[in-house]
Amino acid sequence: MQALRTLLDRVVMTVCVILFIEMTIVGTYQIVTRYFFNSPSTISEEIVTYSFTWLSILAAAYVFGKRGHLAMTFLLAKFTGKPRIALDLFSEVLIFFTALFLLLIGGYDIASENSTQVTNSLGISMGLVYAVLPISGALIMIYSLLNIADLLKTFGSDKASEYGVYKHED
């Protein structure tokens, strides 16, 4: 399962890096055409806008996979061991179903409903723009299942009693 997580991480990070490089190049082109030639490019503006949307949503899925997302841990910090693992499992299940219903199913509905609408400058389907929602939903669901498997493995191990205990390293 670690191999699947590593593969997902690499693919998502590679896509994010490519999008970031593309945004930098197209954004620079936009600045040059606007300020030096006084002729703004609407195509480049749309490309950067939609690329930023894809980048931010895919990067959020990547950060979730790394378990680096923001969390309110004031309640969670009061638990250690198996109760903490149980709370983390509950959280992962909630995240899984949220990603399923809001991002995967809802995102698919939005993408398919807007597939006939076309962007102004690029002339591409808005369904393609919204396709990032079900894609990121599927990624978050896969990461969530991997996290659940890791938590279940920890729950049954000897290290379960140490789970969630902060250890200060000198």
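In the predicted model, T33 is located in helix α1. With a relative accessibility of 9%, T33 falls below the 20% limit and is therefore classed as buried. When neighbours within four places in sequence are set aside, the contacts of T33 are with N38, S39, P40 and S41. One of these partners, N38, belongs to the loop between α1 and α2. The backbone of N38 adopts a positive phi of about 55 degrees, although the residue is not a glycine. In contrast to the buried T33, N38 is exposed, its relative accessible area being 67%. The contact between T33 and N38 thus joins a residue of helix α1 to a residue of the loop between α1 and α2, as listed among the contacts of T33.

Helix α1 also contains V12. The relative accessible area of V12 is 6%, and because the limit for burial is 20%, V12 is assigned to the buried class. Beyond residues up to four places away in sequence, V12 touches L58, Y62, L139 and Y143. A further spatial relation links V12 to L55: the two residues are 43 residues apart along the chain, and their C-alpha atoms are separated by 9.7 Å.

The contacts of V12 are reflected in the largest nonpolar core, which comprises 20 residues and in which V12, L58, L139 and Y143 touch the most other members. At least two residues of this core are supplied by each of α1, α2 (42-65), α3 (81-113) and α5 (132-155). Helix α5 provides the largest share, seven residues. Another core, of six residues, lies apart from the one just described; I85, L151, A160 and Y163 are among its members.

Helix α1 contributes to the nonpolar surface as well. A nonpolar patch of about 390 Å² is formed at the surface by L4, L7, V11, V15 and I142. Four residues of the patch, its largest share, come from helix α1 (residues 2-36). L7, one of the patch residues, is situated in helix α1. Its relative accessibility of 52% is over the 50% limit, so L7 counts as exposed. Helix α1 therefore carries both the buried V12 and the exposed L7.

At the level of the whole chain, five helices and zero strands are present. Their order along the sequence gives the pattern α-α-α-α-α. The radius of gyration is 21 Å, well over the 15 Å that the globule rule gives for 170 residues, so the chain is more spread out than a compact globule. Along the principal axes, the C-alpha atoms occupy a box of roughly 65 × 45 × 30 Å.

Burial and exposure were also evaluated over the chain. Of its 170 residues, 34% are buried. The area exposed by the chain is about 10900 Å², of which 69% is supplied by carbon and sulfur atoms. Among contacts with a separation of 6 or more, 74% involve residues 24 or more positions apart.

Technical notes. Residues numbered from 1 in each chain as written. Predicted model: local features only at pLDDT ≥ 70, side-chain atom pairs only at ≥ 80, totals over all residues. Heavy atoms only, no water. Patch = residues over 30% accessible without salt bridge, like charges linked within 9 Å, V, L, I, M, F, W, Y side chains within 5 Å. Areas by Shrake-Rupley, 256 points an atom, 1.4 Å probe, with all protein chains shown as cover. Salt bridge = Lys/Arg side-chain N within 4 Å of Asp/Glu carboxyl O. Buried < 20%, exposed > 50% of the residue type's maximum accessible area, 1.4 Å probe, protein only. Core = buried A, V, L, I, M, F, W, Y, C linked by side-chain atoms within 4.5 Å. Contact = heavy atoms within 4.5 Å. Rg over C-alpha atoms; globule rule 2.2 N^0.38 Å.
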